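Here's a quick tour for anyone opening this entry for the first time. Have a look at the picture, then read on.

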Amino acid sequence: MLRPATDADSANVLRWRNHPEVRAVSLTQHEITDDEHAAYWAATRDNDAREIWIYERHDVPSGVVTYFDIDREAGSAWWGYYLDNDGLKERGELLPAWIEIQRQAKRLAFDELGLRTLEGEVLEANEAVRRFNRRNGFEEIERYTQDIDGTPTPVLRVRATKD
């Protein structure tokens, strides 16, 4: 289930985002400081072009989905998500959670938020997520190089459109 985030979720979101496995596949890989996160959280929560949703698995907060650069008139947005890797691994639920969060996030975007186009980015080297994206209707539409912590890194822009 996805539900709107509240300020009570902020600490979990930061902890999940700073997990080494999440940072390793992110476009910003340094550990996010408390001050950086507080500024992000405040800016996101007060911005109509951004939404934060918490993924709950069996009533336990287990991940986050962010929609940003939302253009409601055009019906488009960018998105990203990550999970509570440690908590889900402990419960033996990491793989089913990966499957569920993306499907729920896409359904929310298209059926509830009224979007027609959803875009994201994935590191070219992240083949598992690339395959998963393709299975869920995302096309790789652009390849470019981005500087990630001083290293030129191939990144793919992906897009899904409402059927």
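What percentage of the 163 residues of the protein count as buried? The figure is 47%. Keep in mind as you go that this is a predicted model.

**The big picture**

- You'll find six helices and seven strands in the protein.
- Going along the sequence, they come in the order β-α-α-α-β-β-β-α-α-β-α-β-β.
- A compact globule of 163 residues would have a radius of gyration near 15 Å, and the protein has 15 Å, so the two agree.
- If you boxed up the C-alpha atoms along the principal axes, you'd need roughly 40 × 35 × 35 Å.
- Take the contacts between residues at least 6 apart in sequence: 55% of them join residues at least 24 apart.

**Surface and charge**

- About 8700 Å² of the protein is exposed, and carbon and sulfur atoms supply 48% of that.
- The protein carries 22 positive and 32 negative charges, and the mean positions of these two sets lie 6 Å apart.

**Helix H1 and what packs on it**

- Helix H1 runs over residues 10–17, and its buried residues are Ser10, Val13, Leu14, Trp16 and Arg17.
- Look down the axis of H1 and those buried residues fall within an arc of 165 degrees, so they line one face of the helix.
- There's a general reason to expect patterns like this: an α-helix has 3.6 residues a turn, so residues three or four places apart point the same way.
- The cover over the buried residues of H1 includes two helices, H2 (20–24) and H3 (34–45).
- Strands join in too, and that cover also includes E2 (51–57), E3 (60–71) and E4 (76–83).

**Histidine 37, a link to H1**

- Histidine 37 sits in helix H3, and it counts as buried because its relative accessibility is 7%, which is under the 20% cut-off.
- Setting aside neighbours within four places in sequence, histidine 37 is in contact with Ser10, Val13, Leu14 and Ile32. Ser10, Val13 and Leu14 are among the buried residues of H1.

**Helix H6 and its surroundings**

- Helix H6 spans residues 127–135, with Arg130, Phe132 and Asn133 as its buried residues.
- Around the axis these cover an arc of only 165 degrees, which puts them on the same side of H6.
- What covers the buried residues of H6 includes E4, helix H5 (94–112) and the strands E5 (117–123), E6 (139–148) and E7 (151–161).
- So what does E4 touch on? Strand E4 is listed in the cover of H1 and also in the cover of H6.
- Just after H6 comes glycine 137, which takes a positive phi of about 90 degrees.

**Asparagine 133, up close**

- Asparagine 133 belongs to helix H6, and with 7% relative accessibility it counts as buried.
- Beyond its neighbours within four places in sequence, asparagine 133 is in contact with Gln102, Val122, Phe138 and Val158.

**Aspartate 84, in a loop**

- Is aspartate 84 buried or exposed? It is buried, with a relative accessible area of 8%.
- You'll spot aspartate 84 in the loop between E4 and helix H4 (85–90).
- Not counting residues up to four places away in sequence, aspartate 84 touches Arg15, Trp16, Pro61, Ser62 and Gly63. Of these, Trp16 is one of the buried residues of H1.
- Aspartate 84 and valine 22 are 62 residues apart in sequence, yet their C-alpha atoms are 9.2 Å apart in space.

How values were computed
Residues are numbered from 1 along each chain as its sequence is written. This is a predicted model: local features need pLDDT of at least 70, side-chain atom pairs count only at pLDDT 80 or more; totals for chains, interfaces and linings use all residues. Side-chain values use heavy atoms; hydrogens and water are left out. Helices (H or I, at least four residues) and strands (E, at least two) are DSSP runs, numbered from the N terminus. The radius of gyration is taken over C-alpha atoms; the globule rule is 2.2 Å times the number of residues to the power 0.38. Buried means under 20% relative accessible area, exposed over 50%, partly exposed in between (1.4 Å probe, protein chains only). Contact means heavy atoms within 4.5 Å. Accessible areas come from the Shrake-Rupley method with a 1.4 Å probe; for residues, only the protein chains shown count as cover. Lys and Arg count as positive and Asp and Glu as negative; His and the chain ends are not counted. The place of a charge is taken as NZ of Lys, CZ of Arg, CG of Asp or CD of Glu. The arc is that of the directions from the helix axis to the C-beta atoms.
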